[in-house]
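Subject: Structure handover, pockets

Hello,

Here is the structure you were due to receive. Please open it beside this message and read the notes below it.

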Protein chains: 2
Amino acid sequence: MAIPRAAKTQRRTRIQEEKEEIILEAALDVFSVNGFRGTTIDQIAEVAGMSKPNLLYYFRTKEAMHRALIDRVLFTWLEPLRAFDANGNPESEIRSYIRRKLEMARDFPRESRLFANEMLQGAPHVEDELRGPLKALVDEKAEVIRAWATAGKITKCDPYHLIFSIWSTTQHYADFDVQVRAVLGQEHAGEGRFEDAARYLEQLFVDGLRIRHN
Amino acid sequence: MAIPRAAKTQRRTRIQEEKEEIILEAALDVFSVNGFRGTTIDQIAEVAGMSKPNLLYYFRTKEAMHRALIDRVLFTWLEPLRAFDANGNPESEIRSYIRRKLEMARDFPRESRLFANEMLQGAPHVEDELRGPLKALVDEKAEVIRAWATAGKITKCDPYHLIFSIWSTTQHYADFDVQVRAVLGQEHAGEGRFEDAARYLEQLFVDGLRIRHN
DNA sequence: AGATAATTTGACCGATTGGTAAACATTACA
DNA sequence: TGTAATGTTTACCAATCGGTCAAATTATCT
């Protein structure tokens, strides 16, 4: 008798951990490109190299796979913002936040696209997380930025829209990668484009905010 | 005998124009949210308020609907960039480009999401347009910006990444609308958010580029 | 009005969808 | 080694998919 997903044993088998890893990896491949509705379990099964019923042994529904994937990715995705330090130097904090976000766009483009897909569809599966934990985190960091502005360390500006602009400019290089490559052309579309982007964005944000260079 | 899509008559009927309009409007609703793969003809038919075979009388395949929709939207979508004037004042040109793009994000969010969906999927239906006409247009405008920089009217910066950053920051308010609303919360998520965004972005880009105020 | 062309629909097709049942194979553990 | 739990697969299901067809309806033109 098969009891999937550690219902009886509490502890997860070695095989369970390995297979769930493989499945989520494959699911990330497919969901990030085709979105939830556009993804079929068969596609994921093929990428994962296992049969469809075998997938459904580990995750009972397509929703369960998507849910598990979102949950896992959401935490790491917010890491850079969590690392944003109130006690740090404004210029270096913003610089390194941009750098980290850009590295994530380069190294984890599928994760970025997974979220983008979810947002485009109106976030039917994660709206609660947005209104709850995400808003709370952004509120906290926005307050830090506002304090910097009040203290005259930074130009006065709307901290929420500042955060939005950092999110959008950096994630653009993951979500719109095809367009970026197409427009830059063969010669400038190499991996150097991330360094070019980093240089440009740091210039834009730091000078744009008139951050005091100590 | 039914001859769809003006094969014989050359001229399009009044009914043809009306119905094709209704269909594309409905298709925009659905494609922009669910992407190509995630959209079904039945969904479009229901939104359009007509039977599925009736849709297929005007557009023979789902691809044909999507194609027609992309073609129509692509032109208007690039309007703001086309209006970018080499002879204008750098500051006002960039300001009004941002303003126009932000207005489009506010007034035509579905069009923005349609493209975003297409990009996330790797642009399987429009890659040629990206490498061709779009790249050509961007190359031309990038040259204008570079000339401004050379003339000292503007801070030296990578013109391509400047354009990317204007695209991403403005379209963010259409594509990630749910997230923006969720983070801003009930009180700041009203329509005023576009004016706040406009104010912030103009400040960011204009001061960031150290444009000379004549 | 009558004829002809344009439009609309219900019934239907084979393929694909998410998911299930049960037989079979493998593993872990006594 | 034996056996019970875990893991895997084949065959299958009803629902939905993109699309066709022929018949019925409506608009157009003389």
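What follows is about the pockets.

This is a predicted model, in which local features need pLDDT of at least 70 and side-chain atom pairs count only at pLDDT 80 or more, while totals for chains, interfaces and linings use all residues. Residues are numbered from 1 along each chain as its sequence is written, chains are lettered from A and ligands numbered from 1 in the order in which they are written, and side-chain values use heavy atoms, with hydrogens and water left out.

The largest pocket (on a 1 Å grid over the protein atoms alone, an open set of points where a 1.4 Å probe fits, with protein on both sides within 12 Å along at least five of seven lines) has a volume of about 330 Å³. Volume here is the space filled by probe spheres set on the points, which are joined across faces, edges and corners.

Its lining (residues with an atom within 4 Å of a point) has 24 residues, and nearest the centre lie Leu74(A), Trp77(A), Leu78(A), Phe115(A) and Leu134(A). Helix H8(A) (helices are DSSP runs of H or I, at least four residues, numbered from the N terminus) gives the most, 5 residues. By class the lining has 17 nonpolar (Ala, Val, Leu, Ile, Met, Phe, Trp, Tyr, Cys, Pro), 4 charged (Asp, Glu, Lys, Arg) and 3 polar residues (the others, Gly among them).

The second largest pocket has a volume of about 270 Å³. Gln179(A), Leu74(B), Trp77(B), Leu78(B) and Leu134(B) are the closest to its centre among 19 lining residues. H8(B) gives the most to this lining, with 5 residues.

Regards

Methods:
Helices (H or I, at least four residues) and strands (E, at least two) are DSSP runs, numbered from the N terminus.
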